[in-house]
Amino acid sequence: ILATLTTVPVGQVAANADHYSLIAYGHDVVTAAYEAYSCTLLGEKDDIDHVAVTHYTNYPFIRIVRFGAKYYGVGTDGLYELSGNTFNGTAIASVVETGETDMGEPTMKRTRRLYIAGRLSQDLQVSVIAHETDTETFTYDPVLGGARNTRVALGRGIQARYLAFQFQNLDGQDFELHELGPEVDELRRTA
């Protein structure tokens, strides 16, 4: 004869059989993960509303708000101005990822180069992503001195119809992306 299991409040489980009773107590330590999302409306271009989405991690705030030109984190223990380029002395690593695109062509393709217009940091890594999980990461020879066009040579390993690009600064340096121009090899007509 199998015992019947019944869940009861406060993390207890009780099992009853004909002549025996068992009561077990348990608990689990849960690490709090702090994350937030911010959507910025960028305006309309070509009859499409453009939105920039920011994903904040490791910020122990209930809300992040903008007042005037400053940003504040609202926590359970107070209000904090979000400024500077460190978080408690640790460099803030940024990750920017484009959405997947087939670049207007329904063919399998692989990347050859990526032309980037903007102000780039010395520690920027560029990744090519396919199928949301296949990733190849590359570095480039940085050119200092303001906004420029930069060419990053990419390997030809990843092949897919839809590709995305990711940019990450490792040491917390600032960077701006103004325009991206991927150069791809089309491999066959349909994906």
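User: How should one read the exposure of a charged side chain here, and what relative accessible area does Arg112 have?

Analyst: Arg112 has a relative accessible area of 23% and is therefore partly exposed. Buried denotes under 20% relative accessible area, exposed over 50%, and partly exposed the range in between, computed with a 1.4 Å probe on protein chains only. The model is predicted: local features require pLDDT of at least 70, side-chain atom pairs count only at pLDDT 80 or more, and totals for chains, interfaces and linings use all residues. Residues are numbered from 1 along each chain as its sequence is written, and side-chain values use heavy atoms, with hydrogens and water left out.

User: With which acidic side chains does Arg112 form salt bridges?

Analyst: In general, side chains of opposite charge can pair when their charged atoms come close. The criterion for a salt bridge is a side-chain nitrogen of Lys or Arg within 4 Å of a carboxyl oxygen of Asp or Glu. By this rule the structure has 7 salt bridges. One of them joins Glu183 to Arg112, with an N to O distance of 3.7 Å. Glu183 belongs to strand 17 (residues 176-188) and Arg112 to strand 12, 71 residues apart. Strands, like helices, are DSSP runs numbered from the N terminus (strands: E, at least two residues; helices: H or I, at least four). Arg112 also meets Asp185 in a salt bridge, at 3.0 Å from N to O. Because Arg112 lies in strand 12 and Asp185 in strand 17, this pair ties together parts that are 73 residues apart in sequence.

User: Are Glu183 and Asp185 buried or partly exposed?

Analyst: Glu183 is partly exposed, at a relative accessible area of 26%, whereas Asp185 counts as buried, at 16% relative accessibility.

User: Which residue pairs with Arg119 in a salt bridge?

Analyst: The partner is Glu176, whose side chain meets that of Arg119 at 3.6 Å, N to O. This pair again links distant parts of the chain, with Glu176 in strand 17 and Arg119 in strand 12, 57 residues apart. Glu176 is partly exposed at 37% relative accessibility, and Arg119 is partly exposed at 40%. Elsewhere, salt bridges that share partners join Arg110, Arg112, Arg113, Glu183 and Asp185 into one network.

User: How is a nonpolar core identified, and how many residues does the largest one have?

Analyst: In soluble globular proteins, nonpolar side chains tend to be buried together. Such a core is a set of buried Ala, Val, Leu, Ile, Met, Phe, Trp, Tyr and Cys residues joined through side-chain atoms within 4.5 Å. The largest here has 17 residues, and Leu114, Ile116, Val126, Leu154 and Phe167 have the most contacts inside it. Strand 12 (108-119), strand 13 (124-130) and strand 16 (164-169) each supply at least two of its residues. Strand 13 gives the largest share, 4 residues.

Contact itself means heavy atoms within 4.5 Å. Beyond neighbours within four places in sequence, Ile116 is in contact with residues including Val126, Val152, Phe167 and Leu177. Thr111 is found in strand 12 and counts as buried at 2% relative accessibility.

User: In what order do the strands of the open sheet run?

Analyst: Two strands pair if DSSP finds at least two bridges between them. The open sheet of 4 strands has the order 11-16-13-14, with antiparallel pairing. Strand 11 (95-97) and strand 14 (134-138) are the edge strands, each pairing on one side only. Strand 13 and strand 14 run antiparallel and are joined by 5 bridges. Ile129 has Thr135 in strand 14 as its bridge partner.
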